[in-house]
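Trainee: I am new to this model and would like to learn how to read its empty spaces, its sheets and its turns. Could we go through them one at a time?

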Amino acid sequence: MAPSGPAVTWDVHDGIAVVTLDCQDQPVNVISRAVKDEFIATFELLGNDPAVKAVAFFSGKKDNFIAGADIEEFVRLSSAAEAERLSAGGQEMLDRVAKFPKPVAVGIHGACLGGGLEFALACHYRVATDDPKTQLGLPEVQLGILPGAGGCQRLPRLIGARAALDIILAGKTERSPKAFRLGIVDELVPPAILRDITLAAARKLAGGWKPRRRRPGGFFGWLLDGNPLGRALVFRMARKQVVKQTRGNYPAPLAALEVVEYGLKHGIAEGLKREAQLFGQLAVTDVSRKLVQIFFATTQLKKDFGIPNPPPPATVRRLGVVGAGFMGAGIAGTAVAQAGVDVRLKDADLPRVAKGLASAREILDDRLTRRRRLDRYEHARLVALLSGSDTYAGFGGADLVIEAVFEDLAVKQQVLKEVEAATRDGSVFASNTSTIPITRIAEAARRPGQVIGMHFFSPVARMPLLEVIAGARSAPAAVSTAVAFGRRLGKTVIVVKDSPGFWVNRILAPYMNEAAHLLLQGVAMEEIDRLMTQWGFPVGPITLLDEVGLDIAAKAAGVLHAAFGERLAPPPALDALVKAGRLGRKAGNGFYKYASGKKGGPDPAAYHLLGAHPNGGVRPAEIIQRLTLVMLNEAARAVGEGVVRVPRDGDIGAVFGIGFPPFRGGPLRHADDLGAGRIAAELERLAGQYGTRFTPCEVLQEQARGNGRFYS
Ligand code: T1G
């Protein structure tokens with residue numbers, strides 16, 4: 001038996017060294033410095049052992065291969081030079097693997113990410129399971145860094161520059177069948193035979209077999225990837241797209257692009273040097289720190305039920321959804337697609353139910369065709385789980401019912417009563433309301449402990465956030481059940497207080513109102529949108545109003561105005577647009593023009609109805625300041641009221657719920673960066689000029705007095 005470290009162990013059978021990585025006491029395998037040293041020592045020994053003819057490498061974890069370099073380790077780096085050394089050290093280790101005199105085959109099952117994939121790329125043959133858990137990718141740019149252990153060199157050489165850039169620049173993760181099609185993986189097998197096939201490959205390689213790899217992409221691929229002219233075009237196009245998408249806010253993708261190009265031009269050795277250098281620079285940027293904080297916050301939220309001593313959640317096998325509109329259908333389709341639960345969709349009449357089922361099914365179809373996440377059989381199985389009715393038949397077995405009916409208290413209470421009559425005592429009733437207090441809805445309940453809020457965002461299948469709202473009488477088990485089910489749907493879940501607008505709409509309202517104030521003051525709508533997308537939002541506030549629907553936005557704004565008074569009053573002029581039927585994209589007109597589903601330019605008719613005249617009257621810096629500071633102020637106030645339990649939840653809610661720029665970390669992190677003193681002073685100035693809606697809240701004032709912060 002060979003000597004073994006705590007993470008890497010090995011054993012030799014018939015000339016094949018079977019190496020296993022299992023980071024003890026850790027849920028996933030990560031490559032830390034210590035693991036790296038063990039790798040080096042192991043390969044050194046195996047290299048010198050004449051009994052070893054080849055290596056077969058596996059993970060000892062049940063469902064994880066390697067999650068990459070240890071993120072905890074690189075966030076502690078304090079200088080670019082230190083980070084560069086870390087990257088160079090990783091490269092050197094993988095270089096030894098790549099040049100190892102005996103063949104190395106890897107058997108991959110579970111996530112194979114970042115440094116984990118870079119390791120696999122350095123090996124000589126890759127077998128992966130066809131299990132959905134097996135995902136391969138280089139997510140580094142999502143952490144504000146780049147693949148720094150040779151990934152920017154080896155991946156383009158293996159699969160061509162275009163396909164490699166596609167993965168590296170977006171920080172994409174692909175399931176194994178796609179990775180196989182791309183040529184990242186040599187063989188795709190069911191989990192039961194992963195070990196045998198990998199061992200067989202190692203044996204064949206030891207016998208001199210050379211796997212033949214066809215460059216994917218055929219003639220066209222060669223034209224673009226295989227010659228300098230085509231490649232120059234690929235890089236030019238990619239650069240243009242990156243600049244357009246990042247707007248200069250995220251340095252990592254451009255740096256990664258440069259490294260890939262440099263490596264292909266100057267050879268792998270020079271490429272690796274450049275890769276380590278730029279990795280070093282990126283690792284210590286504020287952008288990377290912020291993105292890593294978001295990663296860890298999201299990971300923590302996977303385990304946090306939002307209440308002390310959460311009771312075990314009920315397992316939801318059957319879901320009832322009441323209301324087959326866009327939201328209800330979205331919830332139904334997402335629940336089937338993500339959680340594979342049996343869904344019963346109910347609405348007042350069958351044509352509506354049929355329409356809802358068709359639109360829920362579209363979510364499944366999309367995963368079959370466009371995203372290839374499902375195969376035909378799985379698709380057919382899931383489609384069969386969707387059913388509907390104009391009665392509550394089938395609700396008796398529902399563990400959870402989510403209502404997504406018209407946003408009206410009386411209607412929701414009526415539905416609640418009907419659902420209670422049709423379901424078992426243990427079943428949980430969740431209201432997908434964006435504005436109505438759960439405690440009010442629960443007043444009509446026979447089992448108020450079972451009533452809870454689940455506020456989804458539209459479109460449900462794509463939006464990553466879910467707000468779970470505990471009403472005054474919601475039982476802890478109902479909270480756990482809603483949170484756990486939200487997670488099964490793939491959502492990041494925050495538990496928020498039952499307060500008007502909850503968290504996301506609460507902080508969004510003053511921002512949207514301010515955008516309208518600016519419009520009325522003569523700022524052009526495209527100017528507002530351009531400035532805010534430049535600042536880092538995915539869309540500007542005026543476009544967002546059109547997307548959400550002006551009627552819906554007006555309704556939410558009205559509720560918040562009623563609850564919080566003048567401070568959250570929307571400009572009355574907006575009503576003119578709603579009255580004129582200009583409800584946004586869905587109506588084919590709003591602030592902007594829409595023609596056959598496509599957004600066009602600003603609509604002069606909207607300005608006319610508002611009585612607004614674009615005149616360039618407000619400076620860009622002032623526009624940005626007004627829009628961001630009202631939001632920060634409201635966020636701080638809501639934190640003071642306990643709407644979110646901890647700042648982390650507020651920041652994650654803002655980033656995932658409204659696309660608050662991730663590289664700024666969220667409104668509360670951003671407030672900490674600006675400093676409460678500075679924010680309060682600016683708000684005072686704005687209040688003097690534009691009114692009390694800008695008056696700094698107590699939380700900020702107190703922080704300003706005592707140098708306080710949201711995060712210590
Ligand atoms: N480093 C440190 N900790 C990690 C980690 C990592 N790479 N990946 C996961 N963890 C921790 C996580 O914080 C949590 O900890 C636990 O593992 C379980 O995670 C040189 C520099 C692998 C798909 O970006 O995407 O390689 O809270 O709850 O839902 O180029 O974690 O239990 O203490 O998320 O099953 C690139 C990040 C690194 C992958 C598993 N890699 N991880 O998901 O479990 S940079 C990544 C994930 C790099 C090289 C560069 C997911 C997962 P705790 P979890 P999960």
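Mentor: Let us begin inside: by class, the lining of the largest cavity has 4 nonpolar, 3 polar and 5 charged residues, where Ala, Val, Leu, Ile, Met, Phe, Trp, Tyr, Cys and Pro count as nonpolar, Asp, Glu, Lys and Arg as charged, and the others, Gly among them, as polar. Please keep in mind that this is a predicted model, in which local features need pLDDT of at least 70 and side-chain atom pairs count only at pLDDT 80 or more, while totals for chains, interfaces and linings use all residues. Residues are numbered from 1 along each chain as its sequence is written, and side-chain values use heavy atoms, with hydrogens and water left out.

Trainee: How is such a space found, and how many cavities of 30 Å³ or more are there?

Mentor: Rolling a probe the size of a water molecule over the atoms shows where empty space is left. On a 1 Å grid over the protein atoms alone, a cavity is a set of points where a 1.4 Å probe fits but cannot get out, and lining residues have an atom within 4 Å of a point; grid points are joined across faces, edges and corners, and the volume is the space filled by probe spheres set on the points. Here the count comes to 2 cavities of 30 Å³ or more, and the largest cavity holds about 60 Å³ of space.

Trainee: Which residues line the largest cavity?

Mentor: The lining is made by Pro 510, Asn 513, Glu 514, His 517, Arg 567, Leu 568, Ala 569, Val 630, Asn 633, Glu 634, Arg 637 and Arg 693. Helix H20 (504-520) and helix H26 (620-640) are the elements that give two or more residues to this lining; helices (H or I, at least four residues) and strands (E, at least two) are DSSP runs, numbered from the N terminus.

Trainee: What lines the second largest cavity?

Mentor: The second largest cavity holds about 40 Å³, and among the residues around it are Val 419, Thr 423, Phe 429 and Arg 447. Helix H17 (409-422) and strand S15 (428-431) each supply at least two residues of that lining, which by class has 4 nonpolar, 3 polar and 2 charged residues.

Trainee: Now the sheets: in what order do the 8 strands of the open sheet lie?

Mentor: A sheet is read from its pairs, two strands being paired if DSSP finds at least two bridges between them. The order is S13-S12-S11-S14-S15-S16-S17-S18, with mixed pairing, and strand S13 (386-389) and strand S18 (492-497) are the edges, each pairing on one side only. Neighbouring strands are turned by 25° against each other on average, direction ignored; axes are lines fitted to C-alpha atoms, for helices over the stretch in contact, and angles run from 0 to 180 degrees between N-to-C directions. Within this sheet, strand S11 (318-322) and strand S14 (400-403) run parallel and are joined by 4 bridges, with Leu 319 having Leu 400 as its bridge partner.

Trainee: Which strands does helix H15 touch?

Mentor: Contact means heavy atoms within 4.5 Å, and by that rule helix H15 (350-369) packs on the sheet against strand S12 (342-346) and S13, its direction making about 165° with that of S13. Helix H27 (647-658) also packs on the sheet, touching strand S17 (465-470) and S18, at about 120° to S18.

Trainee: In what order do the strands of the 6-strand sheet lie?

Mentor: That open sheet, again with mixed pairing, follows the order S1-S2-S3-S5-S7-S10, and its edge strands are strand S1 (8-13) and strand S10 (187-189). S1 and strand S2 (16-21) pair in the antiparallel sense over 6 bridges, and His 13 stands opposite Ile 16. Helix H8 (194-206) lies across S2, S3, S5, S7 and S10, running at about 160° to S3.

Trainee: Which backbone details should I look for in the loops?

Mentor: Look at Asp 14, which lies in the loop between S1 and S2 and has a positive phi of about 45° although it is not a glycine. Ser 596 also has a positive phi, of about 35°, in the turn of the hairpin that S19 and S20 form with 2 residues between them. Finally, the peptide bond from Ser 458 to Pro 459 is cis, with omega near -5°, and Pro 459 is found in the loop between strand S16 (451-456) and S17.

Note on methods
1 Å grid on protein atoms, 1.4 Å probe; cavity = no way out; pocket = protein on both sides within 12 Å on 5 of 7 lines; lining within 4 Å.
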